[in-house]
Amino acid sequence: MIQIEKLRKVYRARGREVTAVDGVDLTVREGEVFGVLGRSGAGKSTLLRCVNLLERPDEGRVRVDGRDLLELSGGELRRARQRIGMIHQHFGLLSSRTVAGNVAFPLEVMGVPRAERAARVAELLELVGLTEHADAYPAQISGGQKQRVGIARALAGRPKVLLSDEATSALDPETTASILELLRDLNRRLGLTILLITHEMDVVKRICDSAAVMRQGRVVESGPVRELLLRPGSELARGLFPLPEPVLRGDTTVVDVTFEGESADRPFVSTLARTYSIDVNILGGAVEDIGGTRIGRLRIELPGPPDVNAAQLAHLREAGLTVEVHGVAGDAAGAGDTATEEEAPVS
Ligand SMILES: Nc1ncnc2c1ncn2[C@@H]1O[C@H](COP(=O)(O)OP(=O)(O)OP(=O)(O)O)[C@@H](O)[C@H]1O
């Protein structure tokens with residue numbers, strides 16, 4: 001649904017150049033919720049704004065629903081933009097208009113006749129659960145309700161794509177959860193493709209099918225969330241299952257084990273301890289429900305250095321677990337191991 005190819009955007013101000021997006025390739029499939037994660041300044045907003053050409057990229061291509069936006073003329077681009085909704089962190093509502101008036105605004109701009117407009121506004125308010133607040137002004141409703149107005153307004157042109165720029169960052173956790181639930185619901189009911197940017201791991205955990213992690217204008221990893229979490233060395237996995245830097249003593253092996261679905265239900269720690277008659281020390285871990293699948297990460301410590309634990313590590317891998325051995329450079333202890341030198345996760 002969205003194809004971004006070799007996208008590059010450089011800001012030039014007062015003789016200074018900042019490369020905000022530095023050669024990004026990204027594909028968002030139709031009907032998925034795709035999250036772009038990254039710290040402040042990573043280039044997320046710029047990337048998102050290039051998708052509807054609020055920012056014009058210096059290089060690269062952006063295709064939305066098969067159309068190359070950079071090739072469209074003024075009128076065509078305006079029409080194409082109407083099919084790409086956008087919501088913002090600070091809602092951007094018109095304070096002098098009621099809730100209904102705010103939702104009607106884009107319909108007026110599109111030239112939708114008055115009677116049709118009223119019916120469509122009612123339909124949109126119903127969709128986001130705001131029918132009772134149609135006549136309230138933005139100052140009279142909560143942050144969560146304001147974002148619902150923002151969502152209704154963004155859906156006015158029946159877009160196939162919704163861009164979300166930190167839509168829940170200004171909301172408390174409970175309200176965030178209800179807005180994310182609404183977005184998930186709209187994604188399923190309307191087949192809406194959602195591209196969102198966030199710095200919150202929780203957003204990815206709750207609603208994203210796929211994700212990308214950005215750093216310094218580049219995408220450092222991307223793919224389906226489940227696959228990323230099971231990929232050794234994944235920043236997303238480290239962000240979602242935060243564990244402190246391991247203390248490596250040399251006479252033990254510290255291993256991060258990621259497990260999902262069925263393998264999450266098997267008692268692999270006790271099986272390992274029994275099979276090899278060893279004491280397995282549990283150092284930390286967490287289990288999360290990701291898109292209906294249980295995925296977890298456990299840090300365990302085995303007696304003896306990694307080279308004497310080859311059979312134990314193979315045992316874990318054969319049980320379908322993703323195994324990352326700390327303090328092992330390259331591939332010394334088998335595929336999927338990781339070196340210690342890794343950058344901190346995104347949040
Ligand atoms: N209009 C602009 N003019 C000059 N530099 C800009 C402009 N907008 C963004 N930048 C710079 O581009 C880089 C990427 O900014 P961007 O806002 O895209 O990042 P971000 O990941 O969305 O961060 P945040 O979450 O803080 O908004 C930053 O170094 C920023 O200072």
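What distance separates the centres of domain 1 and domain 2, taken over C-alpha atoms?

**View 1. The two domains of the protein chain.** In this predicted model, the centres of domain 1 and domain 2, taken over C-alpha atoms, are separated by 38 Å. The domain assignment places residues 2–229 in domain 1 and residues 235–325 in domain 2.

**View 2. The contact between domain 1 and domain 2.** Twelve residues of domain 2 are in contact with eleven residues of domain 1. On the side of domain 1 that touches domain 2, at least two residues each are supplied by helix H7 (201–207), strand S9 (210–215), strand S10 (218–224) and helix H8 (225–229). The largest share of this side comes from H8, which supplies four residues. Sorted by class, the side of domain 1 that touches domain 2 has seven nonpolar and four charged residues, and no polar residues.

**View 3. The residues that surround the ligand.** The ligand is surrounded by Tyr11, Ala13, Val18, Ala20, Gly38, Ser40, Gly41, Ala42, Gly43, Lys44, Ser45 and Thr46. Two or more residues of this shell are given by each of strand S1 (2–13), strand S2 (16–28) and helix H1 (44–51).

**View 4. Helix H1 and the make-up of the shell around the ligand.** Which element gives the most to the shell around the ligand? With three residues, H1 makes this contribution. By class, the shell around the ligand has six polar, five nonpolar and one charged residues.

Notes:
Residues numbered from 1 in each chain as written. Predicted model: local features only at pLDDT ≥ 70, side-chain atom pairs only at ≥ 80, totals over all residues. Domains from an automatic or database assignment. Contact = placed C-beta atoms within 7 Å. Nonpolar A, V, L, I, M, F, W, Y, C, P; charged D, E, K, R; others polar. Near = placed C-beta within 6 Å.
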